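Colleague: Please give me a close look at one part of this model, the shell around the ligand and what lies behind that shell. A single connected account would suit me well.

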Amino acid sequence: MGKILVTGGLGYIGCHTTVELLGKGIEVVVVDNLSNTTIDVKNRIEKIAGKSFPFYEIDVCNTEKLKEVFASENITGIIHFAAFKAVGESVENPILYYRNNIEGLISLLECVKEYNVPNIVFSSSCTVYGDTKESPITEEHPIVQAISPYGTTKIVGEQILFDFANVSSTKVVSLRYFNPVGAHSSSLIGELPIGIPNNLIPYVTQTAAGIREKLTIFGNDYNTPDGTNIRDFIHVVDLAKAHVKAIDFADNHSFKVEVFNLGTGKGTSVSEVVDTFEKVNSLSLNHIYGPRRAGDVEQIWADATKANEILGWKAEISLEEMLRTAWDWQQTLKD
Ligand code: UFG
């Protein structure tokens with residue numbers, strides 16, 4: 001077997017996945033433009049894994065540079081993380097998102113085509129299901145109009161890959177993530193939010209650390225048991241392991257396209273997250289209830305039966321562990 005190219009392999013989900021791949025003895029090549037991470041993450045991955053790997057500081061939109069990587073490394077599979085992911089920013093600057101996420105994917109596929117790469121695993125999102133009222137949600141749920149340009153890049157990205165798989169021998173696995181949270185148990189890697197976090201868990205941990213004054217819970221008048229939104233929070237290490245399973249599955253099965261939901265199958269409310277965070281970390285979190293945030297889906301959680309049955313994967317890490325590791329990680333960061 002050759003090497004697995006991990007684009008965005010120094011980013012939040014990418015670095016945890018690189019650790020898991022190396023841990024399974026799989027050879028890895030990482031490409032990252034360092035737009036949302038630092039080179040130090042490479043050393044940290046190597047420290048956890050006890051192994052080194054080739055790294056190229058390249059933007060995936062740069063097809064010529066990317067082709068050089070394919071020319072010098074024997075790449076037999078790709079996990080494509082490299083993309084922007086801030087929903088609000090995508091609303092403010094849609095062109096940036098379409099250029100980076102869509103052009104980046106097309107650039108990568110030019111290389112896949114030229115070098116006949118057999119498998120590609122794509123980072124998708126439950127955002128493709130839009131503002132659904134049906135949870136747990138299966139992969140059969142229709143894809144609807146996205147709520148944000150970020151969401152559109154995931155829907156269009158999947159479609160581009162499916163069209164490509166149709167006319168090539170490359171197998172496509174699209175993984176639809178629910179809400180990835182937490183950090184590696186070593187506290188050497190985790191999420192590195194730049195600026196004021198948009199996502200719940202970094203905002204919670206930064207508030208606990210005193211970097212933010214208080215957490216505002218966006219809405220407590222939803223039609224849910226405690227009035228706050230419900231999400232399917234999944235530990236990033238569980239998510240990373242699913243990518244290793246997806247690569248293994250693609251190597252050993254014949255198909256064109258497969259789509260999997262990656263979640264725990266359990267919905268947790270924002271209020272429950274705050275309560276559990278306080279309990280497991282023995283602290284009290286300054287929080288208030290505020291108005292709803294525009295574009296928030298009321299409640300969504302995964303039916304992850306397909307990933308369980310076909311990939312042999314199941315999320316195993318508890319909400320308590322997600323929130324403990326998130327806090328441990330935050331305490332290693334300087335503000
Ligand atoms: N929330 C707060 N206060 C905050 C931040 C978030 O109450 O300061 C709430 C949100 O209203 C939401 C929940 O916490 O109910 C989770 O919010 P996140 O921003 O962490 O995550 P989202 O569910 O909005 O977004 C995630 C991914 C996106 C993806 C989307 C699809 O981050 O990439 O799910 O639903 F597109």
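Modeller: Happy to. By class, the shell around the ligand holds nine nonpolar, seven polar and three charged residues (Ala, Val, Leu, Ile, Met, Phe, Trp, Tyr, Cys and Pro count as nonpolar, Asp, Glu, Lys and Arg as charged, and the others, Gly among them, as polar). Please keep in mind that this is a predicted model, where local features need pLDDT of at least 70 and side-chain atom pairs count only at pLDDT 80 or more, while totals for chains, interfaces and linings use all residues. Residues are numbered from 1 along each chain as its sequence is written, and side-chain values use heavy atoms, with hydrogens and water left out.

Among the 19 residues around the ligand (a heavy atom within 4 Å), those that come nearest are Leu 200, Thr 216, Asn 229, Arg 231 and Asp 296. Now for the polar contacts (pairs of N or O atoms within 3.5 Å). Phe 218 places a backbone N or O atom 2.9 Å from an oxygen atom of the ligand. Asn 229 has a polar side-chain atom 2.6 Å from a ligand oxygen, and a side-chain N or O atom of Arg 231 is likewise 2.6 Å from an oxygen atom of the ligand. On its own, the ligand has 680 Å² of accessible area, and the protein covers 90% of this (Shrake-Rupley method, 1.4 Å probe). H7 and S8 are the elements that give two or more residues to the shell (DSSP runs numbered from the N terminus: helices are H or I, at least four residues; strands are E, at least two). S8 supplies the largest share, four residues.

Behind these elements comes helix H9, residues 270–280, with eight of its eleven residues buried (under 20% relative accessible area, 1.4 Å probe, protein chains only). The buried residues of H9 pack against helix H7 (200–208) and strand S8 (215–218), and also against other elements, including helix H11 (319–332) (contact means heavy atoms within 4.5 Å).

One buried residue of H9 is Phe 277, which counts as buried because its relative accessibility is 0%. The rings of Phe 277 and Trp 327 have centres 6.0 Å apart and planes at 75 degrees, so the pair is edge-to-face (centres within 6.5 Å make a pair, with planes over 60 degrees apart for edge-to-face). This pair links distant parts of the chain, with Phe 277 in H9 and Trp 327 in H11, 50 residues apart. Trp 327 also counts as buried, because its relative accessibility is 11%. Just after H9, Ser 282 takes a positive phi of about 50 degrees.

Note on methods:
Buried < 20%, exposed > 50% of the residue type's maximum accessible area, 1.4 Å probe, protein only. Polar contact = N/O pair within 3.5 Å; in protein donor to acceptor, adjacent residues only side chain to side chain. Phe/Tyr/Trp six-rings, centres within 6.5 Å; stacked < 30°, edge-to-face > 60°.
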